[in-house]
Amino acid sequence: QVQLMESGGDLVQTGGSLRLSCVVSGRIFSINAMGWYRQAPGKQRELVAVITSRGSTNYADSVKGRFTISRGNAKNTVFLQMNSLKPEDTAVYYCNAAIVGPLTSEFAYWGQGTQVTVSS
């Protein structure tokens, strides 16, 4: 069974920084793209950043220049370094991974989410 476990969410003041982590565990053959999404109260879930297995990245316009996505050396971990945080960054942040199983085709898995709150 595949599991994604996020950590690193917290309460921080405007201008502060946080680093989110997500670790994938379970029976996997390979992990393709990994990404971070967020959902604020009353809003739809939106893409924050994504990174491919080759290291190509893409960011939402609202976080460009402030957030950096990266993958760990073991390739089953993804990080989101968030700097210059703003109150509008407040949301539950979800990890997403496109995973190929030993006997299954690619499927998108989600973590449970980690709360990020930025106070003004």
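This section describes an antiparallel sheet, a disulfide and the surroundings of one asparagine in a predicted model.

Four strands form an open sheet in which the order is β1-β3-β8-β7 and the pairing is antiparallel. The edges are occupied by β1 (3-7) and β7 (67-71); each has a single partner strand, so one side of each is left without a neighbour in the sheet. On average, neighbouring strands of this sheet are turned by 15 degrees against each other, direction ignored. Within the sheet, strand β3 (residues 18-25) pairs with strand β8 (residues 77-82) in the antiparallel sense, over six bridges. Serine 21 stands opposite phenylalanine 79 in β8.

The structure holds one disulfide, formed by cysteine 22 and cysteine 95, whose sulfur atoms are 2.1 Å apart. This pair links distant parts of the chain, as cysteine 22 lies in strand β3 and cysteine 95 in strand β9, 73 residues apart. The torsion about the S-S bond of cysteine 22 and cysteine 95 is about -85 degrees, and the disulfide is therefore left-handed. Both cysteine 22 and cysteine 95 are buried.

Strand β9 (residues 91-100) also contains asparagine 96. With a relative accessible area of 11%, asparagine 96 is buried, because this value falls under the 20% cut-off. A polar atom of the asparagine 96 side chain lies 3.5 Å from the backbone oxygen of tyrosine 109. Not counting residues up to four places away in sequence, asparagine 96 touches Leu4, Ala33, Met34, Gly35, Tyr37, Ala108, Tyr109 and Trp110.

Definitions and conventions. Residues numbered from 1 in each chain as written. Predicted model: local features only at pLDDT ≥ 70, side-chain atom pairs only at ≥ 80, totals over all residues. Heavy atoms only, no water. Helix = DSSP H or I, 4+ residues; strand = E, 2+ residues; numbered from the N terminus. Buried < 20%, exposed > 50% of the residue type's maximum accessible area, 1.4 Å probe, protein only. Polar contact = N/O pair within 3.5 Å; in protein donor to acceptor, adjacent residues only side chain to side chain. Contact = heavy atoms within 4.5 Å. Pairing = 2+ DSSP bridges. Axes fitted to C-alpha atoms, helices over the stretch in contact; angles between N-to-C directions. Disulfide = S-S within 2.5 Å.
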